Amino acid sequence: MRRAHNEPRAVTTSVDSLFGEASPELVETATRLGERELGRDLDGREDRGEFDAEGWRRCASFGIQGLPMPERYGGTGMELTDAVRVLEALGRGCRDNGLLFALGAQIWSVQMPILVFGSDAQRERFLPGLSEGRLIGAHCVTEPEAGSDAFGMRTTATADEGGSSYVLNGRKTFITSAPVAGVFLIVATLDREKGAGGLTAFLVEEGTPGLDVEPLRDAKMGLRTSPMGDVVLQDCRVPAEQMLGQPGGGAAVFNVAMAWERCFILVPALGGMRRQLEECVAYANTREQFGRPIGKNQAIADRIVGMHLRLEQSRLLAYRAAWMRREGRRLTLEPSQVKLQLSESWLQSSLDALQIHGGAGYLRGMGVERDVRDAAASRIYSGTSEMQRAIIARFLGL
């Protein structure tokens with residue numbers, strides 16, 4: 001049995017330990033899962049904006065959703081660095097970035113907060129279904145008037161006279177997996193005058209009276225296979241036992257969710273960037289112009305070198321964050337550093353891959369343009385690149 005990531009262990013300083021001990025066979029199997037069993041009819045599903053429910057189940061059968069979860073809650077009990085390595089391998093094989101994004105959004109911003117803040121009853125009730133793919137979760141914070149200013153949300157929670165339940169009213173927007181979710185982690189305010197100190201989190205199940213989901217009407221530029229929608233709350237009554245954490249503890253739930261998400265939601269993109277690099281090297285060695293491979297041109301070689309360096313820098317930051325989590329060390333700047341580095345790198349490397357492939361890369365069949373569209377969103381979700389720079393600047397004393 002593997003030791004769960006949140007159990008104590010001896011501190012090690014070996015650089016190799018950053019990358020975990022997942023067996024090469026497991027890593028290769030995860031890549032093959034992505035290549036052979038995910039992303040089927042991807043162009044067609046993109047056109048239809050269709051979620052790959054079967055792919056989700058295949059991931060669950062492999063153990064993806066349960067990678068960082070303890071075994072008692074349906075997870076693998078895998079070390080966090082090993083889990084990250086498996087997710088990177090999955091991203092190398094899987095071209096369905098929408099599916100990978102939806103997986104990450106659930107693992108890091110729904111499952112992890114329940115694991116950290118949930119009561120024993122809440123963990124037993126929700127985590128096995130989420131880990132085993134029988135249940136899909138959605139994290140609900142963003143509102144029409146509260147995006148980057150998450151703590152300015154207007155959704156309210158009002159306790160009844162006896163305190164046995166709370167009534168929620170408001171609207172959440174751009175909620176990942178909302179149209180297919182069975183449980184919603186919703187952050188609302190008990191007291192708007194207290195600002196962040198009045199926020200409180202609730203676990204609300206699909207079918208609860210007063211909770212409705214409205215799928216997005218407009219097609220997204222990218223991540224089209226990741227379903228999104230608005231969550232509308234109209235006098236939605238939630239039992240007090242479904243509060244996640246303490247009254248007024250919603251900011252802590254949100255901050256923990258964002259720390260996990262910013263560190264690791266883009267880990268599959270590391271695998272995607274490696275695939276891009278390999279494909280660009282192969283293309284540059286076989287595509288000829290002016291009587292020689294285009295890779296012999298310094299301009300092309302420089303782009304590929306840049307892709308290589310961005311990948312290596314991104315991997316080091318992401319795996320260092322995973323190692324620090326595994327060792328129980330406190331993260332401060334790391335979530336914003338990882339999120340900024342990976343999102344900017346993935347988009348730039350996708351643009352470089354498009355440029356290297358030229359006209360062929362602009363065609364849909366190559367799959368290069370899809371990465372560009374999907375990567376563009378990564379600079380927006382989980383906190384924009386501008387917000388990550390602002391956070392880093394504050395830590396630097398600016």
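1. A friendly place to start is the surface of helix α12: R389 has a relative accessible area of 45%, so it counts as partly exposed. Its side chain meets that of E344 in a salt bridge, with 3.9 Å from N to O. This pair links distant parts of the chain, since E344 sits in helix α10 (residues 334–362) and R389 in helix α12 (residues 385–395), 45 residues apart. E344 is also partly exposed, at a relative accessible area of 21%; buried would require under 20%. Please keep in mind throughout that this is a predicted model.

2. Staying with α12, its buried residues are S385, Q388, I391 and I392. Because they cover an arc of only 120° around the axis, they fall on the same side of the helix. That buried set packs against α7 (250–264) and α10. On the face turned away from the buried side you will find the exposed residues E386 and R394. Just after the helix, G397 takes a positive phi of about 90°.

3. Before going further, a word on confidence. The average pLDDT for the chain is 92, and 95% of the residues score at least 70. Among the elements, strand β9 (residues 288–289) has the lowest confidence in the chain, with a mean of 88, while α5 has the highest, at 98. Residues 1–15 deserve a careful eye: the pLDDT there is below 50, and the stretch has 34 contacts in the model beyond near neighbours in sequence.

4. Now to the interior. The largest nonpolar core has 90 residues, and I64, W108, I114, L130, F264 and I356 are those with the most contacts inside it. Helix α5 (residues 97–117) gives the most to this core, contributing 12 residues. For a closer look, try I64: setting aside neighbours within four places in sequence, I64 is in contact with L33, C59, V86, L87, L90, L103 and I107. Another core lies apart from the largest one; it has 19 residues, including Y166, F202, V204 and V238.

5. Strand β5 (residues 199–205) is worth displaying next. With 6 of its 7 residues buried, β5 is largely enclosed by the rest of the structure. Strand β4 (residues 183–189) runs antiparallel to β5 and is joined to it by 7 bridges, with L185 standing opposite L203 of β5. β5 also pairs with strand β8 (residues 243–244), again in the antiparallel sense, over 2 bridges. In that pairing, F202 has M243 of β8 as its bridge partner. F202 is also one of the residues in the core of 19.

6. Which residue does E214 meet in a salt bridge? The partner is R171, at 3.1 Å from N to O. E214 belongs to strand β6 (residues 211–215) and R171 to strand β3 (residues 165–176), so the pair ties together parts that are 43 residues apart in sequence. Both ends have some exposure: E214 counts as partly exposed at 37% relative accessibility, and R171 counts as partly exposed at 30%.

7. On charge pairs in general, a search of the whole structure finds 34 salt bridges. One of them joins R45 to D52, whose closest N and O atoms are 3.8 Å apart. Is this pair buried or exposed? R45 is buried, and so is D52. There is also a network of salt bridges, which links D43, E46, D47, R364, E369, R370 and R373.

8. Finally, two backbone points to check. Most residues other than glycine have a negative phi. F174 has a phi near 55°, a positive value in a residue other than glycine. F174 is placed in strand β3, and at 54% relative accessibility it counts as exposed. D235 is not a glycine either, yet it has a positive phi of about 50°. D235 lies in strand β7 (residues 228–239) and is exposed, with a relative accessible area of 57%.

How values were computed. Residues numbered from 1 in each chain as written. Predicted model: local features only at pLDDT ≥ 70, side-chain atom pairs only at ≥ 80, totals over all residues. Heavy atoms only, no water. Core = buried A, V, L, I, M, F, W, Y, C linked by side-chain atoms within 4.5 Å. Buried < 20%, exposed > 50% of the residue type's maximum accessible area, 1.4 Å probe, protein only. Helix = DSSP H or I, 4+ residues; strand = E, 2+ residues; numbered from the N terminus. Contact = heavy atoms within 4.5 Å. Salt bridge = Lys/Arg side-chain N within 4 Å of Asp/Glu carboxyl O. Arc of directions from axis to C-beta. pLDDT = per-residue confidence, 0-100. Pairing = 2+ DSSP bridges.
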